[in-house]
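Visitor: I would like to learn how to read a model of this kind, starting with the whole chain and then going down to single residues. Could you take me through it step by step?

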Amino acid sequence: MNTPPPSLELGLKLHGQGMLDEAERAYRDVLAHNASDPDAHHLLGLIELARGRPQPALELITSAVQITPDDERYHLSLSNALRSMGQSDAALESLTRALAINSNYHEARIN
């Protein structure tokens with residue numbers, strides 16, 4: 001089993017504590033060492049969404065989806081970013097993709 005890099009683990013801890021600036025630095029550190037880390041792209045996107053910046057969030061989350069297209073979490077987040085931008089048809093498409101990957105994905109079902 002692969003363990004996440006220490007910076008990713010630190011970022012998740014900080015993110016969970018609401019320390020977004022610090023979490024962002026940790027995720028960017030991950031990307032400095034591995035520019036194609038989908039989790040770092042995704043989590044940075046979630047920070048941008050939390051900050052009310054849907055366009056950069058969309059770009060980051062789209063990168064995560066492109067790197068790992070079969071992760072339902074990324075499609076759910078993409079759906080949320082698109083919905084926040086008023087793109088409801090595209091948001092529904094992403095949500096449908098999340099459920100196609102995992103029909104039991106509870107978070108996608110409630111959305």
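Visitor: What radius of gyration would a compact globule with 111 residues have, and what does the chain have?

Guide: The general idea is to set the value for the chain beside the one expected for a compact globule of that length. In this predicted model, a compact globule with 111 residues would have a radius of gyration near 13 Å, and the chain has 14 Å, so the two agree. The C-alpha atoms, taken along the principal axes, fill a box of roughly 35 × 35 × 25 Å, and the accessible surface comes to about 6300 Å², of which 51% belongs to carbon and sulfur atoms.

Visitor: How many helices and how many strands are there in the chain?

Guide: The chain holds seven helices and zero strands, which along the sequence gives the pattern α-α-α-α-α-α-α. Of the contacts with a separation of 6 or more, 40% are accounted for by residues 24 or more positions apart.

Visitor: Which element of the chain has the lowest mean pLDDT, and which the highest?

Guide: Where pLDDT is low, the predicted coordinates should not be read in detail. Here the chain averages a pLDDT of 93, and 95% of the residues score at least 70. Among the elements, helix 7 (residues 106-110) has the lowest mean, 83, whereas helix 3 has the highest, 98.

Visitor: Which residues make up the largest nonpolar core?

Guide: Burial is the place to begin, and buried residues make up 38% of the 111 residues in the chain. The largest nonpolar core has eleven residues, namely Leu 8, Leu 14, Ala 23, Tyr 27, Val 30, Leu 31, Ala 40, Leu 43, Leu 44, Ile 47 and Leu 60. At least two residues of this core come from each of helix 1 (6-16), helix 2 (20-33) and helix 3 (38-50). Another core, of nine residues, lies apart from it, and includes Leu 58, Val 65, Leu 78 and Ala 81. To follow one member of the largest core, take Ala 23, which, leaving aside residues up to four places away in sequence, touches Gly 11, Leu 14, His 15 and Ile 47.

Visitor: Is a polar residue such as Ser 7 buried or exposed?

Guide: The general idea is to compare the relative accessibility with the cut-off, which for a buried residue is under 20%. Ser 7, found in helix 1, has 18% relative accessibility and therefore counts as buried. Its side chain makes a polar contact of 2.4 Å with the side chain of Asp 29, and, when residues up to four places away in sequence are not counted, Ser 7 touches Ala 26, Asp 29 and Val 30. As for a residue elsewhere along the chain, Ser 7 and Gly 52 are 45 residues apart in sequence and 24 Å apart in space, C-alpha to C-alpha.

Visitor: Where is Ser 77 placed, and which residues does Ser 77 touch?

Guide: Ser 77 has its place in helix 5 (residues 72-84), and its relative accessible area of 7% makes it buried. Not counting residues up to four places away in sequence, Ser 77 touches His 42, Leu 46, Leu 49 and Ile 61.

Visitor: Is Asp 89 buried or exposed?

Guide: The cut-off for an exposed residue is over 50%. Asp 89, in helix 6 (residues 88-101), counts as exposed because its relative accessibility is 67%. Asp 89 and Ser 79 are ten residues apart along the chain, with 9.4 Å between their C-alpha atoms.

Key. Residues are numbered from 1 along each chain as its sequence is written. This is a predicted model: local features need pLDDT of at least 70, side-chain atom pairs count only at pLDDT 80 or more; totals for chains, interfaces and linings use all residues. Side-chain values use heavy atoms; hydrogens and water are left out. A nonpolar core is a set of buried Ala, Val, Leu, Ile, Met, Phe, Trp, Tyr and Cys residues joined through side-chain atoms within 4.5 Å. Buried means under 20% relative accessible area, exposed over 50%, partly exposed in between (1.4 Å probe, protein chains only). Helices (H or I, at least four residues) and strands (E, at least two) are DSSP runs, numbered from the N terminus. Contact means heavy atoms within 4.5 Å. A polar contact is a pair of N or O atoms within 3.5 Å; within protein, one must be able to donate a hydrogen and the other to accept it, and residues adjacent in sequence count only if both atoms are side-chain atoms. pLDDT is the predictor's confidence in each residue, from 0 to 100. The radius of gyration is taken over C-alpha atoms; the globule rule is 2.2 Å times the number of residues to the power 0.38. Accessible areas come from the Shrake-Rupley method with a 1.4 Å probe; for residues, only the protein chains shown count as cover.
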